[in-house]
Amino acid sequence: MIDKTSSQAQMFANRLQKRFRHLKKWAHRTGVGAFRLYDRDIPEIPLVLDYYGEPLQMQDACLCGALYKRPYEKDADDEERWLSVMKDSAASALDFDPVHIFLKRRQKQKGISQYEKISSERYVKIVSEGGLAFKVNLSDYLDTGLFPDRRLLRAIVRDESAGKKVLNLFSYTGSFSVYAASGGAVSTDSVDLSNTYLSWARENFSLNGYSAGILKNNSFAERGVRQEKGGHRLIRADVLDFIDMAIAARIRWDIIIADPPAFSNSKKMTDNFDLQRDLTILLEKCLALLSAGGKIFLSVNMRRCAVTAANLEEQLAHYAENVRVTDLSGKITDEDFKDRKIPKAFMIEK
């Protein structure tokens, strides 16, 4: 095992060095402070690893990633030793302090949210992207608060947002909403069930010079009729309950961002959410909230996704006329994701 692990550690180090040489100048030139460095490039090393920090000033940079679930069982102690060796290899390859490298385990566990807290170290950084600043937490959650594979989709939303009212569903830490605000949106409404993530989103707004207030669902229902006043609101609510309330109140948005997790449940939800099962009904309800000429930007966060623009268009035609669906996946593949499979994204126009 030692010889095999040592061999893998050397291959891993070589790959990281090669990828970093390729990406660092691009990241510096484009102002990208969080990018994908490694994603199962070598099958025997099933890790994903992202870089956080200024690539040409590495003293404060960090690496954060996870071990994917293996297709076979491995002794837990052996796995921990293996992870430790890979961590040391990454530190040596890029001249990092190992305390700035965070490796977790990414295993699909149905019924458990990807946003569940797994630690309380609170190792946070502020990183740049698209001329904006975002807080990431590298230690306490499986995901850090900023998804690098949605970077160019966020940029598309910003380009579309001038003068628009924007609704961000499953808003997480609010990065899409901050992009929309920076693009000139007259209002943003970000809906999530977690106080933690709404507070995090408020910090992201503040980092970029915007103020945003947190409302409960019923408070928004009372104020929704005054939506035309603009501003940025963070709404604590179950997304499906919120949508039903907004439909009943006849509130409309020009842009809707739907970035749901593959699966989510909570004691506060009336039911769980399963993307594969609930996608069509979610989109049908979103269409009811969309202004004429409006657009929905959809992320389908499933690695194995059979959804296509054509079948989405066919399904939604039963609900609304003149719906057009465009696959954006080819337009949002940035330099660090070339030749890699990323979650699909679609634009739905009414």
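In this predicted model, Asn168 stands opposite Ser190, a residue of strand β8. The strand pair behind this match is β7 (residues 165-169) and β8 (residues 187-192), which are joined in the parallel sense over 5 bridges. Both strands belong to an open sheet of 8 strands, and the points below follow that sheet, the helices that lie across it, and the nonpolar cores.

**The sheet as a whole**

- The strands of the open sheet follow the order β9-β10-β8-β7-β11-β14-β16-β15, and their pairing is mixed.
- Because β9 (213-216) and β15 (324-327) stand at the edges and each has a single partner strand, one side of each is left without a neighbour in the sheet.
- From one strand to the next, the twist averages 20°.
- As background, the strands of a sheet pair through backbone hydrogen bonds, in either a parallel or an antiparallel way.

**Strand β14 and its two partners**

- Strand β14 (residues 290-300) is mostly covered, since 9 of its 11 residues are buried.
- Strand β11 (residues 253-258) runs parallel to β14 and is joined to it by 5 bridges, and within this pairing Ile257 stands opposite Phe297 of β14.
- Strand β16 (residues 344-349) pairs with β14 in the antiparallel sense over 6 bridges, and here the bridge partner of Leu298 is Phe346 in β16.

**Helices across the sheet**

- Helix α4 (residues 175-182) lies across β7, β8, β10 (231-236) and β11, and it runs at about 180° to β8.
- Helix α9 (residues 309-317) lies across β14, β15 and β16, and its direction is at about 160° to β15.

**Nonpolar cores**

- In soluble globular proteins, nonpolar side chains tend to be buried together.
- The largest nonpolar core has 35 residues, of which Leu169, Phe242, Ile256, Leu298 and Ile348 touch the most other members.
- Two or more residues of this core come from each of β7, α7 (239-248), β11, α8 (275-288), β14, α9 and β16.
- Leaving aside residues up to four places away in sequence, Ile256 touches Leu167, Leu169, Cys286, Leu289, Leu290, Lys295, Ile296 and Phe297.
- A second core, separate from the largest one, is made up of 29 residues, including Phe12, Phe20, Leu49 and Ala91.

Conventions:
Residues are numbered from 1 along each chain as its sequence is written. This is a predicted model: local features need pLDDT of at least 70, side-chain atom pairs count only at pLDDT 80 or more; totals for chains, interfaces and linings use all residues. Side-chain values use heavy atoms; hydrogens and water are left out. Buried means under 20% relative accessible area, exposed over 50%, partly exposed in between (1.4 Å probe, protein chains only). Helices (H or I, at least four residues) and strands (E, at least two) are DSSP runs, numbered from the N terminus. Two strands pair if DSSP finds at least two bridges between them. Axes are lines fitted to C-alpha atoms, for helices over the stretch in contact, and angles run from 0 to 180 degrees between N-to-C directions. Contact means heavy atoms within 4.5 Å. A nonpolar core is a set of buried Ala, Val, Leu, Ile, Met, Phe, Trp, Tyr and Cys residues joined through side-chain atoms within 4.5 Å.
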